[in-house]
Amino acid sequence: MSLPILPTISTSFIVLSAILIAIGWVLIKQKKIEAHKKTMIAAAISALLFFIIYISRTVFLGNTAFGGPEHLRIYYTIFLVFHITLATTGAVFGIITLIAGFSNKLERHRKIAPITSVIWFFVAITGVIVYLLLYVFYSGGPTTSVIKAILNNQ
């Protein structure tokens, strides 16, 4: 089996971001503030790299449709909507958390950072599951780029 390179790379970046967040969590518990900041910046960059690859791939190459059994499609779709909702919420919380940390609003940062982290761990886990369902457990369905869909009115 050959895995698609861009989805594999982008999924790796989202997993890396969650691992870095976990490391950052440990570092702040140990009062290693500078190491925490650097690790969380690396986590944010990793998440951003995921997003850039994902958006670029979506616009230019397209999204891959679920290629598994038809009777599972509705469950996959519900799961995908849950993942997208979590990812959007996690990204917004992540930006707010980073801004609070960098602007020294530490009370706010301390209050929302644990929530943000837990959301992001679920984003990473559900993202890996989506990847597995699309590319490992089942062969991906058709892929249509946004540009092609707009230009061909499909």
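**Exercise 1. Does Phe-66 count as buried or exposed, and at what relative accessibility?**

Keep in mind that this is a predicted model.

- Step 1: Take the cut-off, which is under 20% relative accessible area for buried and over 50% for exposed.
- Step 2: Phe-66 has 5% relative accessibility, so this residue counts as buried.
- Step 3: Try the rule on Tyr-138: its relative accessible area is 26%, so Tyr-138 is partly exposed.

**Exercise 2. Classify the ring pair of Phe-66 and Tyr-76, then place both residues in the chain.**

- Step 1: Two values are needed, because a pair of aromatic rings is described by the distance of the centres and the angle of the planes.
- Step 2: For Phe-66 and Tyr-76 the centres are 4.6 Å apart and the planes differ by 15°.
- Step 3: Planes under 30 degrees apart count as stacked, and stacked is indeed the label for Phe-66 and Tyr-76.
- Step 4: Phe-66 sits in the loop between β1 (63–64) and α3 (73–102), while Tyr-76 belongs to helix α3, 10 residues apart.
- Step 5: Like Phe-66, Tyr-76 is buried.

**Exercise 3. Now do likewise for Phe-66 and Tyr-138.**

- Step 1: Here the ring centres lie 5.5 Å apart, with the planes at 75°.
- Step 2: Angles over 60 degrees count as edge-to-face, so Phe-66 and Tyr-138 are an edge-to-face pair.
- Step 3: Tyr-138 lies in the loop between α4 (106–136) and β2 (143–144), 72 residues from Phe-66.
- Step 4: Put the pairs together: Phe-66, Tyr-76 and Tyr-138 form one aromatic cluster.

**Exercise 4. Describe the whole chain.**

- Step 1: The chain has 5 helices and 2 strands, in the order α-α-β-α-α-β-α.
- Step 2: Of its 154 residues, 33% are buried.

Terms used: Residues are numbered from 1 along each chain as its sequence is written. This is a predicted model: local features need pLDDT of at least 70, side-chain atom pairs count only at pLDDT 80 or more; totals for chains, interfaces and linings use all residues. Side-chain values use heavy atoms; hydrogens and water are left out. Helices (H or I, at least four residues) and strands (E, at least two) are DSSP runs, numbered from the N terminus. Buried means under 20% relative accessible area, exposed over 50%, partly exposed in between (1.4 Å probe, protein chains only). Rings of Phe, Tyr and Trp (its six-membered ring) pair if their centres lie within 6.5 Å; planes under 30 degrees apart count as stacked, over 60 as edge-to-face and the rest as tilted.
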